[in-house]
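Visitor: Could you take me through one part of this structure up close? I'd like to start with a charged pair and see what surrounds it.

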Amino acid sequence: MSPTTQPQRSRKSQKQSGKEREESERPAVQLPTAFFPFARYTSVVGVHTSLIAFTALFLPRTSLSSLFRSSAANGQLGKPDDVLLTLTENPLRTLAWICAGSCVLQVWWASWLRNWALDARAGVTEGADDTTRRTEQKLLREEWNSGRFAAFRMACLAAVVTSVVFSIVIILYGAPLNSHLLRTYLLGLLVALLSVFSAAYTLGVPSLGSDTESLVRRLTWIRLFAELSPRTPVERAILYPAIGTVLGCWVGAIPIGLDWERPWQAWPLTPAYGAVSGYIVGSLWALAINGVRQLYEIQLRENREAASAKRSEPQHTKKKGT
Amino acid sequence: MWSRGAQFICWVFAVHLIGIWLFTRGFLLTRLALSEVNSCDVSDPNCTLSPSYKRMVFLIIDALRFDFISPDPPLPSSPYYHNVLSLPAELTKAQPDRSIIYYAFPDPPTTTLQRIKGITTGSLPTFVDMGSNFGGSSILEDSLIRQLYEAGKQIAFMGDDTWMSVFPTSFAPNMTFPYDSFNVEDLHSVDEGVIRHLLPLLHHVGHRLGPDHPTMQAKLQQMDNVLRETVELLDDDTLLVLLGDHGMDRKGDHGGDGELETSAGLWLYSKTRPLVDPQADIPAHLLTNRTYPGASTAHRSVQQIDLVPSLSLLLGLPIPFNNLGTVIPELFWTGKQATSFEHALRTNAAQVKRYLDAYRLSPAGSELDSAWKDIQSAWQGAMEGQVPALTMNMFTRYALEACRMLWAQFNITLIGLGLTTLLSSSLATFAVYDSLGRIVQWEPWLDRIASMTLRWSGIGTVSGLVVAFPLRPYVKDVAIFDYVAFGAAIASSFAVIKQALPARRLEIGSISSIPLPLVLHTLSFMSNSYTFWEDHVIPYLLLTSIAPFVLTGFTAPTPRLRTRILFFSSLFAVCVRLIAISTVCREEQQPYCHVTFFSGSTITTPPGLILAIVVPIAFGLPSAIRQYLKISKSDQGLANILLPTIFPSVLTSSSFVWILEWMESSEVLGPSCSGALRLTRTTLAWLSIGTILVVALTLWWLIPLCIKVETSEPAANERREVTIIGFANALGSPYLIFWLIFFSLVFTTTQLAGQVILALATVALLSFLEVVDSVRDVRALNLAFSSSKPSEFLAQSQETRSTLSTVGLRFSEVTPIALLALQVFFGTGHQAVISTIQWKSAFILTSSLTYPLSPLLVILNSLGPVFVFALAVPLIATWNTPPLPYPPSTAQNATLRACLGISLYFTSLLLGSAISSAWLRRHLMVWKVFAPRFMLAALCLVAVDVAVIVGYVIGFGRISVAVGRVFGSMPGANDAAKARKSQ
C-alpha cells in the first residue's frame, strides 16, 4: 500500500481496519457478494487523488511548462509568491496543463474502474476455484477487452461532446459571452473529463436506441446522474466525484465576485480549482462510504452466520473480543 | 370578491409598511435642503463685517488627519506621517499671531461629497438631502462658493472632479482644472495635475495603502514642499486656509463617525497681517479643547463648519443661509475688546435663527418639534442675556446640537424596532405559508387567523399606548405613533406565529428544503462586492434555482414530458442569459463593465441592434404568447380577441413612442421636426395606455375566460354533447391576460432596450410555467407508479388528485419568479443607485412635468418590472389548473401560498439588506452601496406586496367568480361543493 493512503486508513478506527485485514485473510468461499477490492481501491484512490492534486498545483509550474512561459517571469522560481504567480500569470496555460494532466490520470483511473466493474459483473470472488466459472469469466473478460478500444473511443467522444455542453452551461451561468471563450471551454473540458469520462468508459455511452442494452444503459445513467442514487460501490466511485466536480465548480464561481483584485480571481481559475477539489473530496467521500458500507455488510453477514451456525461459538466470541 | 386570504395579505402588507417605516426613520437620516440664499446688503452692518482679507487660498488635503500637522503628535509617533508636513507647526511656533492650528471636528458621514457640502454650506449634510434636486449631486443650497461668486470674486479651482459635479457653474472657466478622482489605484495623477496648476490629495494613498506606508511620507513631504512654495508666494491681503475634509481610520478608510475619521486638521495663516491677538482676553468657556487619541496635551478644537461663518465674515461676505457653525472667537477678538467679536457673533446668531425659522416653516418643519421649545428659549436668552458673547454662543451651539441630533445620528431604538417588526412578520408569514400547505380544512382556519390579526392588532395598539407614556421621557425620538404601530404589528405577529406554528420536530430531511438561492441572495448583502455585482449574482442564482427542475426532467417517465421540460428549461436559461447581457453599469463595476443598455456609457440612445429588432419583437410577442396558450388549447375566448389585434398594436405603438423619442433627441430628421415628433409620440403613448386601460381592462372584466363552448347537435335519442375548449387551463389563461394588461403598461414606460428585455422575460416566464406544470405531472406520475396499485391511485376522486398536483406548490417554484423579477429590474437599465432612475420616462405622456402623472410614470418605469413579475406569481398556482371542482379551493390555496411565498422572498431580501446596512453603518461604502440597496429592497417589497394584493384580490378573485358563473352549475361541481360544505 502506498504511503499516500495512510491518512484515509487512519480515519477508520483501528478496530475496523483490523477486522478488514482479518476479512481479507479469511477464505471468502461462501460469500456471494459484489466484488470489492477494498485495499486496492483505497490505494488507487489515494494515488489518483494525490496525482490530481499534483496536476492542479504543480504541473503548471514544472520545467516543462516553463518552456512556454513568458521570459519576464523566468528565473524567479523558488520564492513562495511564485507559486501563486506562476499559477495565475496565465490562466489559459494553467488550465491547459490541468486538463492535460487530468486527461492522462482519468484514462488510468477509468480503466481501473472498468476492470473493477467487469470483475464485479463477472462475479469474481477471490479464491473461487470453480473451473467452469473461471472459464466463463475469462470469456467475458475477453469479450469485454475486445470492446475496450471502441469503448474508449466512445468515452472520448462523450467527453468532447459534454465539454461543449458544459461550456454552454457555464456561459449560461454567466461566463463572458464574447471573450475568454477558450478559457471557458477548457473549464468545460476539465469538468467533463473529471465527471463524465470515467462514467462513459465504465458504463458505456447512453444512446437513444430501443434495444435492451441501450435502454438499461440509459436508465442507469438517469438513475445515477438525475436521480443521484447509486447502488454499487463502482457506481458510487463514479458518481460522487462527478457530483463533487460540478458542485466544486459551482462554488468556485462565488469568490470571483469579491473586489479583492487578486490575480487568482482571474477567470476561470477558481471554478477550475473548485472542480478539482470537489473531485478529490468526492473521491474520498465515495471511498469512505464504500468502505463503511462494506464493513457494515461484513458485520451483517457475520451476524447471520453466527445465527445460522451456532456451533461455531468459540470463533464468534473471539471475533467479538477483537 | 373580497376573497378569503385577502385580509391576511393586507395584514402582511401593513406590517411590512410598519417595519419599513420604523427602520427608515431610525436609519435613513434625511434633511430638507432649503434653497434660500442670504442676499443681504453687504453695506448693512447687520449683514457682515468689513473685509479683513481680499483673497483667500483654500487648500483642502483629502483625509488630512489632525496628527499629520499637529505640533504635538501622539506617541509613539510614526516616521511616515508625523512631523512630515511640518510647516504649519513651524510657522505657528515662530509667528503665533499670524498662524494658528486647530483640531477640527468634521461631522459624520465623513464621505467626500457630504464633507464638501459641509465645508461650503456650514450645514449638516445627510445621505439624502431632500430638495428640488433629489438625485442630483449639485449643491443648490447657499454656500461660501456661491457668496463669493455673487460678490463678483473670481474662483479658480483645481483638483478632484467631485467639486465640479457639486458646483458646476461657479468656477471661473479659464482657471478650472478638474481631475478624475475615482481611480484610487492611481496615486499621483490628481496631485501632479493640481501641483502643476497649484495643489493636492492624500486621500488615495490612504485608501490604497493605509497611513503606515512610505508612500504616505513621500506624499506628505511633497505637500509640505508645495505649502512652503505657496507661503513664499502669498501676498499681504491673502488668507491661507489648509484643512483636511475629514480624517481617516487606521486602515486609511473614512465615511463613518469613528474618532480618527472625525479628526481633521485645520491651519490658518496670514503672511503679514496679524490674524489672532495673542494677548486677547477670551473667556475660557468660549474656547474648547480636545485631546487627540494618544497625544499628551489637549489642543484647541473647533467644529469644522465653524470655518464657514468665520471665513465669510473675514472676507466681508454674508454668511451662507443654511450655516449652523459659530464664528471662531480668536479670529475676531482683539485685546480686551470683544466688540468686533460680539458683532460677528450677533450677525452669526441672527443668521442661524433665520435659518431655523425658515426650516420650521418648510414642509419638513415638524422634524424640529421636539427641540423647538428649547431653541426658542435659547434664542430668548441670547437676546436678553447680560453677556451676549456667552448667551449667543450658547444659542448657536444649542441649535447645532439639536440639528445634529435630528440629522446626523442613527436612532438605534427605531432601527431595532423596525428590524424586530420585519423579522416577526416574516416568521408569521412563513408560519401561515407552511400551515396552508398542510391543513386540509384551510378556509375556516385562515378565517380564524385573519380575525386574530385584527383582534391582536387592537390589543397591541392599546398596549403600545400604555407603554408609550411611561417610556417617553427615557427613549429619545420615538413618537407615540411608533409605539402604537410597533405594538400592533408585533402583537398580531406573535399571535399568528403561536397559532400557526404547531409543535413540529425539525427533521433532518427539512435541511434539503432550505431555499439555497434565497439564503445566498440574502447573505450576499453583507458584502459590498456582491451587492454592487448583484446583476451578475442573480442569473447565477436563477440558473441554480432551475437546475433541480432539469434533473427531474431527465427522470420523466414519458419522452413527451422529458422533451418538454428540457426544451422549456433551456429556453428559460437562454432568455435569462440574454437578459443578463443588458446593463447600465454602476460606477463601482468599472472597469469590468460595458454599458449595453444604451449604445455607449455617456449617451442615452438605444443600441443600433435594439432599434432594428424592437418593433418586430413588440409585434411578435403576443403571437408567441398565443403559441404558449395553444399548448393547453386555451387561445380561445378573450385571448382570441385581444392577442391577435389589441396587444400587438399597443406594444408596437409603445415601441414607436420610444423610437420617436430617440429621433427627437438625436435629431435624426433635423431640429425642425421635433415639434411634430413630440406631438406624435405623446398621442401614441396616450393611445396605447388608453387602449390598455379602457378597452383591454374592460373586456377582461366583462369576459375574462379564454374558453370556447362547442355544442354538438344531438343526434336522435342521444344526449347533447358539450365540449369546452381550453378547460384545462381555464384558471391560468384569463390570469395571463390580466397580467398582460399590466405588462403592457410597464412596457410603454420602458425604454427600447428594456422592451426587448421585457419580451424575453415574458418568454422566460411562460417557459418556466410549462416546466413547472410538466414537473408536477412527472411528480404525480412517479407517485402513481410508486404506489402499490396504480389503478387505485387513478380511481381516487378528482379532488384528491388535484390536491396532489397543486397543493404541492413549493417554494422552489416561487424562487425563480422572484429572481426573474429582480433580473428584469437590472436588465431594464436600472441599478440599486439613485442615478439610474430613468427620468425620461416621466415625459412620455406630457412634455412638461405634470403631477401626479410624471412621478407615476417614473415609478412604473423603475419598479414596474418587479411589480409585474411579482404579479405573475399566481400563474404558478393557476397555470393548467382546471376550474373544477367549484369553488377551486385548492387552486386558491396554492395561489395564496404563491403570493405569500414571493412576499417572503422579498421580505428576506429586505431583512438582509437592512441588517447589513444597520450593522455596517460605519462602513465606508454604507451610503454608496448598502443604504441604496436597502432603499431598493424596501421599495421592491412594497411593489411586490401591492402586486400580490392586486393579483390575488382583483385578478384571481374576478376569475373565480367568472369561472363559477360558467362551471358552477355543472354536474359534478355542485357535488364537490356540497361535499365540502357537509364536511
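Guide: Sure, let's start with B:Glu813, which pairs with B:Arg779 in a salt bridge whose closest N and O atoms sit 3.3 Å apart. Keep in mind that this is a predicted model. The two partners come from distant parts of the chain, 34 residues apart: B:Glu813 belongs to helix α28 of chain B, and B:Arg779 to helix α25 (residues 752–786) of chain B. B:Glu813 counts as buried because its relative accessible area is 0%, and the cut-off for that class is under 20%. B:Arg779 has 24% relative accessibility, so the label there is partly exposed.

Helix α28 of chain B covers residues 811–827, and the loop that runs from there to α29 (853–871) brings in another charged pair, because B:Lys840 lies in that loop. B:Lys840 meets B:Glu661 side chain to side chain in a salt bridge, at 3.5 Å from N to O. B:Glu661 lies in helix α22 (residues 637–666) of chain B, so this bridge ties together parts that are 179 residues apart in sequence. As for burial, B:Glu661 is buried at 10% relative accessibility, while B:Lys840 is partly exposed at 26%.

Now for the nonpolar side of the neighbourhood. B:Ile902 touches B:Val814, B:Ile817 and B:Ala818, and its other contacts include B:Phe869, B:Ala870, B:Val873, B:Val944 and B:Val948, leaving aside residues up to four places away in sequence. B:Ile902 is also one of the residues that touch the most other members of the largest nonpolar core, a set of 202 residues; B:Phe27, B:Val432, B:Trp739, B:Phe869 and B:Phe906 are in that group too. Helix α32 (residues 926–967) of chain B gives the most to this core, with 25 residues. A separate core of 73 residues lies apart from it, with B:Leu124, B:Leu275, B:Ala382 and B:Ala399 among its members. As a general matter, nonpolar side chains in soluble globular proteins tend to be buried together.

Back to charges for a moment. B:Asp434 and B:Arg438 also join their side chains in a salt bridge, 3.5 Å from N to O. Here B:Asp434 is buried, because its relative accessibility is 17%, and B:Arg438 is partly exposed at 35%. Elsewhere, B:Lys54, B:Asp237 and B:Arg273 are linked in a salt-bridge network. Over all chains, a search of the whole structure turns up 27 salt bridges.

What about the contact with chain A? Across that interface, the rule finds 0 salt bridges, though there are 8 residue pairs in polar contact between chain B and chain A. The side of chain B that touches chain A has 14 nonpolar, 5 polar and 1 charged residues. Its largest share, 6 residues, comes from α19(B). In all, 20 residues of chain B contact 20 residues of chain A, and about 1700 Å² is buried between them, with carbon and sulfur atoms giving 63%. B:Tyr530, B:Tyr540 and B:Arg577 supply 37% of the area that chain B buries against chain A, more than any other three residues.

To set all this in context, chain B has 33 helices and 12 strands, and 59% of its 983 residues are buried.

How values were computed:
Residues are numbered from 1 along each chain as its sequence is written. Chains are lettered from A and ligands numbered from 1 in the order in which they are written. This is a predicted model: local features need pLDDT of at least 70, side-chain atom pairs count only at pLDDT 80 or more; totals for chains, interfaces and linings use all residues. Side-chain values use heavy atoms; hydrogens and water are left out. A nonpolar core is a set of buried Ala, Val, Leu, Ile, Met, Phe, Trp, Tyr and Cys residues joined through side-chain atoms within 4.5 Å. Buried means under 20% relative accessible area, exposed over 50%, partly exposed in between (1.4 Å probe, protein chains only). Helices (H or I, at least four residues) and strands (E, at least two) are DSSP runs, numbered from the N terminus. Contact means heavy atoms within 4.5 Å. Buried area is the accessible area (1.4 Å probe) that two parts lose on being put together, summed over both. A salt bridge is a side-chain nitrogen of Lys or Arg within 4 Å of a carboxyl oxygen of Asp or Glu. A polar contact is a pair of N or O atoms within 3.5 Å; within protein, one must be able to donate a hydrogen and the other to accept it, and residues adjacent in sequence count only if both atoms are side-chain atoms. Ala, Val, Leu, Ile, Met, Phe, Trp, Tyr, Cys and Pro count as nonpolar, Asp, Glu, Lys and Arg as charged, and the others, Gly among them, as polar.
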